[in-house]
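Below are my notes on the model, set out as numbered points. Please read them alongside the sequence and coordinates.

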Amino acid sequence: MRRCDFSWTLAFMVTAISVTALAFASQTLRDALVADKRVFDGQWGRVVTGAVVHATWGHLVRDLALVAIAGTAYEGPLASRKLALFGLGLVLPPLAVLAFGNVEWYCGLSGLSHALLAAALAYEFTRRRG
């Protein structure tokens, strides 16, 4: 039996589904998790919790589709860079959007999905021949 080589991808997907479902049931919970300007007041955990809560079910499904495609295919081959890839993909996008964008809040796995897609393209570009 083959070992699952996309455990982090699977874990973030399951977490995002669960947290988003709970957040839709409780506006208070949603407000407690979303990444907003309070990040810069020392509430750094919001950077990560904001990534797992989503604005709508459609937003969640689109993010999950991209994370599933890139994560299941490339988490294994990129295992040596997994911590940096997931860490930066979760942290940098909300920080950049909140610091430099004209937005009040950030939520979703879009940053991670795009980081995984970029890593997949870079992997293919540097490893494939022909």
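1. The largest nonpolar core of this predicted model holds 27 residues, and L109, L112 and L116 have the most contacts inside it. A nonpolar core here is a set of buried Ala, Val, Leu, Ile, Met, Phe, Trp, Tyr and Cys residues joined through side-chain atoms within 4.5 Å. Buried means under 20% relative accessible area, exposed over 50%, and partly exposed in between (1.4 Å probe, protein chains only). At least two residues of this core come from each of α1, α3, α4 (57-74), α5 and α6 (110-127). Helix α6 gives the largest share, six residues.

2. Conventions are as follows. Residues are numbered from 1 along each chain as its sequence is written, and side-chain values use heavy atoms, with hydrogens and water left out. The model being predicted, local features need pLDDT of at least 70 and side-chain atom pairs count only at pLDDT 80 or more, while totals for chains, interfaces and linings use all residues.

3. What does L112 touch, leaving aside its neighbours within four places in sequence? Its contacts (heavy atoms within 4.5 Å) are F12, L85, F86, G89 and L90. Apart from the largest core lies another, of five residues, including V39, V47, L98 and Y106.

4. The chain has six helices and two strands, in the order α-α-β-α-α-α-β-α along the sequence. These are DSSP runs numbered from the N terminus: helices are H or I with at least four residues, strands E with at least two.

5. Helix α3 (residues 45-52) has R46, V47, G50, A51 and V52 as its buried residues. They pack against α1 (7-25), α2 (27-33), β1 (35-36), α5 (82-100) and β2 (105-106). V47 also belongs to the five-residue core.

6. On overall dimensions, the radius of gyration is 15 Å, which agrees with the value near 14 Å for a compact globule of 130 residues. The radius is taken over C-alpha atoms, and the globule rule is 2.2 Å times the number of residues to the power 0.38. The C-alpha trace spans about 50 × 35 × 25 Å along its principal axes. Of the 130 residues, 38% count as buried. Of the contacts between residues at least 6 apart in sequence, 74% join residues at least 24 apart.

7. The accessible surface is about 7600 Å², and 66% of this belongs to carbon and sulfur atoms. Areas come from the Shrake-Rupley method with a 1.4 Å probe; for residues, only the protein chains shown count as cover.

8. Two residues of helix α4 can be set side by side: H59 and A65. H59 counts as buried because its relative accessibility is 15%. Not counting residues up to four places away in sequence, H59 touches H54, C107, G108 and S110. A65 is partly exposed, with a relative accessible area of 37%. The C-alpha atoms of A65 and G76 are 18 Å apart, for eleven residues in sequence.

9. Is L29, in helix α2, buried or partly exposed? At 30% relative accessibility, L29 counts as partly exposed. Residues up to four places away in sequence aside, L29 touches L22 and A23. The C-alpha atoms of L29 and L109 are separated by 18 Å, with their positions 80 residues apart along the chain.
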